[in-house]
Structure formats: C-alpha cells, structure tokens
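Work through the exercises below with the sequence and the coordinates at hand. Each task is followed by a solution in steps.

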Amino acid sequence: MARIKGVDIPNNKRIEIAMTYIYGIGRSLSQKILKDAKVDFDKKAGDLDNDELARIREEVNKYVTEGDLRREVNMNIKTKMEINSYQGTRHKKGLPVRGQRTNRNARTRKGKGKVVANKKK
C-alpha cells in the first residue's frame, strides 16, 4: 500500500479515485495533481513505481490537505463561535448552519428525536 500524506492508498483502485481517500482531495483536484505529475489516471495505485509516487507526493505537498486542513477548518468554526456570528451560534446550538429547515428534518445535526410526554389529546 502506498502512503501519501500519512494516508494508506488502496492498491486495487485507480489512482484517480484512490487519491480521494486523502482529506481535502476530491476528483477534480486529484486529476489536476496527476496531470501535473504526468501520471496516467487509469493506472492502479498498486502498479505505481517509486518515481511516480515521489512525483505525486511532491504535487500533493503544494496543497493544504489532511491535518493542516482539518486544523484550519476547526479554527474557522471556533472563530465564528467566538465572534457570535449567525453561523457560530448555530454551531454552538448544534443546529444546521446553512439555512436548512429544522421543523421536520435536521436529524443529523439535532440527534435522535426527544420524546414529549402527554402529547395525545
């Protein structure tokens, strides 16, 4: 298994897809990195030689990914919470941040439904 930015890349997948296992790299960025590193998109991750892996690692290091990106995102959220912006208060309350409805959905953010006693009438 190849390791890029401390993440094990699965050998049985195409390198274009396998690189998306790294936090902060999606399909389009993966394609851009592979194009700049001059590596074929359709090649399996297990079939890469050391020279190609080194070129890919060099290209990936140009972008903010993994731990640095996670830290940056968390710092941005903390800043919003400290300045009491609308999004910050939504983060504090554990509610959806980006304008979604909450009266009937939002179970991912709000958690399991709370039981209300004596609701029948």
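**Exercise 1.** How many aromatic pairs does the structure hold?

Solution. The model is a predicted one. Ring centres must lie within 6.5 Å to pair. The count of aromatic pairs in the structure is zero.

**Exercise 2.** Find what lies over the face of Y23.

Solution. The residue is R70, at 4.1 Å from the ring centre. The cut-off for a charge over a ring is within 6 Å of the centre.

**Exercise 3.** Describe how helix α4 packs with helix α5, and list the residues in contact.

Solution. Step one: take the ranges, residues 66–82 for α4 and residues 86–93 for α5. Step two: the helices pack at an angle of about 100°, and their axes are 7 Å apart. Angles of 65 to 115 degrees count as roughly perpendicular, so α4 is roughly perpendicular to α5. Step three: from α4, I77, K80 and M81 meet Q87, G88, H91 and K92 of α5. Step four: sorted by class, this contact has two nonpolar, three polar and two charged residues.

**Exercise 4.** Count the salt bridges, then locate the partners of the one between D42 and R14.

Solution. Step one: the count comes to nine salt bridges. Step two: in the bridge of D42 with R14, the closest N and O atoms are 3.1 Å apart. Step three: D42 is in the loop between α2 (27–37) and α3 (50–60), while R14 is in the loop between β2 (7–9) and α1 (15–18). The pair, 28 residues apart, links distant parts of the chain.

Definitions and conventions. Residues are numbered from 1 along each chain as its sequence is written. This is a predicted model: local features need pLDDT of at least 70, side-chain atom pairs count only at pLDDT 80 or more; totals for chains, interfaces and linings use all residues. Side-chain values use heavy atoms; hydrogens and water are left out. Axes are lines fitted to C-alpha atoms, for helices over the stretch in contact, and angles run from 0 to 180 degrees between N-to-C directions. Helices (H or I, at least four residues) and strands (E, at least two) are DSSP runs, numbered from the N terminus. Angles under 35 degrees count as roughly parallel, over 145 as roughly antiparallel, 65 to 115 as roughly perpendicular and the rest as oblique. Contact means heavy atoms within 4.5 Å. Ala, Val, Leu, Ile, Met, Phe, Trp, Tyr, Cys and Pro count as nonpolar, Asp, Glu, Lys and Arg as charged, and the others, Gly among them, as polar. Rings of Phe, Tyr and Trp (its six-membered ring) pair if their centres lie within 6.5 Å; planes under 30 degrees apart count as stacked, over 60 as edge-to-face and the rest as tilted. A charge sits over a ring if NZ of Lys or CZ of Arg is within 6 Å of the ring centre and within 35 degrees of the ring normal. A salt bridge is a side-chain nitrogen of Lys or Arg within 4 Å of a carboxyl oxygen of Asp or Glu.
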